[in-house]
Amino acid sequence: MEARGGSSLRRVLVLAFCVAGIWSAYIYQGVLQETLSTKRFGADGKRFEQLAFLNLAQSVVCLIWSYIMIKIWSTGSRGAPWWSYWSPGITNTIGPAMGIEALKYISYPAQVLAKSSKMIPVMFMGCLVYGVSYTVPEYLCTFLVAGGVSTFALLKTSSKTINKLAHPNAPIGYGLCFLNLAFDGFTNATQDSLTARYPKTSAWDIMLGMNLWGTIYNLIYMFGLPHGIGYEAIEFCKQHPEAAWDILLYCLCGAVGQNFIFLTISRFGSLANTTITTTRKFVSIVVSSVLSGNPLSAKQWGCVAMVFSGLSYQIYLKWRKLQKLQKKRKPM
């Protein structure tokens, strides 16, 4: 009994460690992302307009990080070859860049809510393209999320929040977020296909392959093409070291957060990870509202509650489905 109790305690402590790691890394990354998109740096009060540069910086840091992790933890098994990530690398480069660029046009809480509606394009494509049928509770989840995001978008944003945005334009901002979700859908589907073809592929292999191609594509786009924004971003960082420091911390938060996500999935499964990351998004909105001065009206908070009710119900449905599968697998 004591051994079992000790094992349970260790499991609870590891889970608490994972929750603390994911929350602290990604909530702080959100604060930094919002700071970089809204703050005026230096005496000249310039904005950091080259937000897509964050995508390149993140790719470089995660590439180095994953290479180190593979060297430390690799078991020698061969996963998917590095060249096989070229196509998801394209969508993984374009998608997140669009999500970051959206912060020029909409507030951080609005961006988080819009990007939380990933189930909408998944179900839409499932019905339209693959003829997948969904249950009434699944449609209810989608209705809550879609209704919450749509209503939030239609409600008037406070003048204080609008004044902090570089180029306030809700249709463009939400459009960029939904394009981000569409590209993410292709990225995730391709990653699943690669892991199915190469079962020995580890999370670190995926992280290395994706960020290798992400670095290559971003370097070409930002430094190889005419009017590339890479030179402007570097010049801005030279003139405003505070922005360069924020970018470095932003990238490190992403790399550390990936560590905790991999640990959570390996120890507790993807459902636990989904629960932790979903609650993290809600806390990020609260932190943004309180610390960053993005006040939300009572109606907007109602929309936030509506979205996260739908997401929470979706998590419950997945848990119930998992419980049924586990019962079926148990020997009679």
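How many disulfides does a search of the whole structure find? The search finds zero, and the legends below start from that result in this predicted model.

**Figure 1. Two cysteines without a bonding partner.** This view takes in Cys-18 and Cys-237. A disulfide is a covalent bond between the sulfur atoms of two cysteines. For Cys-18, the closest cysteine sulfur belongs to Cys-253 and sits 17 Å away, so the two are too far apart for a bond. Cys-237 has its closest cysteine sulfur in Cys-251, at 10 Å, which is again too far for a bond. Is Cys-18 buried or exposed? Its relative accessibility is 0%, so Cys-18 counts as buried. Cys-237 is also buried, with a relative accessible area of 14%.

**Figure 2. Spans that UniProt lists as "transmembrane region".** The unreviewed UniProt entry gives residues 12-31, 51-70, 137-155 and 247-265 under this name. Two of these spans are worth a closer look here. Residues 137-155 are 95% helix and 0% strand, and the C-alpha atoms at the two ends are 27 Å apart. Residues 247-265 are 100% helix and 0% strand, with 27 Å between the end C-alpha atoms.

**Figure 3. Val-256 in helix 11.** Helix 11 covers residues 241-268 and includes Val-256. With a relative accessibility of 28%, Val-256 counts as partly exposed. If you would like a distance to check, try Val-256 to Asn-218: their C-alpha atoms are separated by 22 Å, with the two positions 38 residues apart along the chain.

**Figure 4. The second largest pocket.** The volume of this pocket is about 460 Å³. Its lining is made up of 22 residues, and those closest to the centre are Ile-70, Ser-77, Arg-78, Gly-79 and Asp-205. Which elements give two or more residues to the lining? They are helix 2 (53-73) and helix 9 (203-224). Sorted by class, the lining of the second largest pocket holds eleven nonpolar, seven polar and four charged residues.

**Figure 5. Leu-208 and its contacts.** Leu-208 has its place in helix 9, one of the elements named for the pocket lining above. At 24% relative accessibility, Leu-208 counts as partly exposed. Setting aside residues up to four places away in sequence, Leu-208 touches Leu-63, Ser-66, Tyr-67 and Ile-70. The C-alpha atoms of Leu-208 and Tyr-67 are separated by 6.4 Å, although the two residues are 141 residues apart along the chain.

**Figure 6. Ile-100 in helix 3.** Ile-100 belongs to helix 3, which runs over residues 86-101. Why does Ile-100 count as buried? Ile-100 counts as buried because its relative accessibility is 4%, and buried means under 20%. Beyond its neighbours within four places in sequence, Ile-100 is in contact with Gln-33, Leu-51, Leu-54, Asn-55, Gln-111 and Tyr-250. Its C-alpha atom is separated by 8.6 Å from that of Cys-177, 77 residues away along the chain.

**Figure 7. Gln-300 in helix 13.** Helix 13 spans residues 298-329, with Gln-300 among them. The relative accessible area of Gln-300 is 3%, so this residue is buried. Which residues is Gln-300 in contact with, leaving aside its neighbours within four places in sequence? They are Phe-152, Leu-155, Lys-156, Thr-157 and Pro-295.

Technical notes. Residues are numbered from 1 along each chain as its sequence is written. This is a predicted model: local features need pLDDT of at least 70, side-chain atom pairs count only at pLDDT 80 or more; totals for chains, interfaces and linings use all residues. Side-chain values use heavy atoms; hydrogens and water are left out. A disulfide is a pair of cysteine sulfur atoms within 2.5 Å. Buried means under 20% relative accessible area, exposed over 50%, partly exposed in between (1.4 Å probe, protein chains only). UniProt positions are given in the numbering used here, feature names are shortened, and annotations may be inferred rather than shown by experiment. Helices (H or I, at least four residues) and strands (E, at least two) are DSSP runs, numbered from the N terminus. On a 1 Å grid over the protein atoms alone, a cavity is a set of points where a 1.4 Å probe fits but cannot get out, and a pocket is an open set with protein on both sides within 12 Å along at least five of seven lines; lining residues have an atom within 4 Å of a point. Grid points are joined across faces, edges and corners, and a volume is the space filled by probe spheres set on the points. Ala, Val, Leu, Ile, Met, Phe, Trp, Tyr, Cys and Pro count as nonpolar, Asp, Glu, Lys and Arg as charged, and the others, Gly among them, as polar. Contact means heavy atoms within 4.5 Å.
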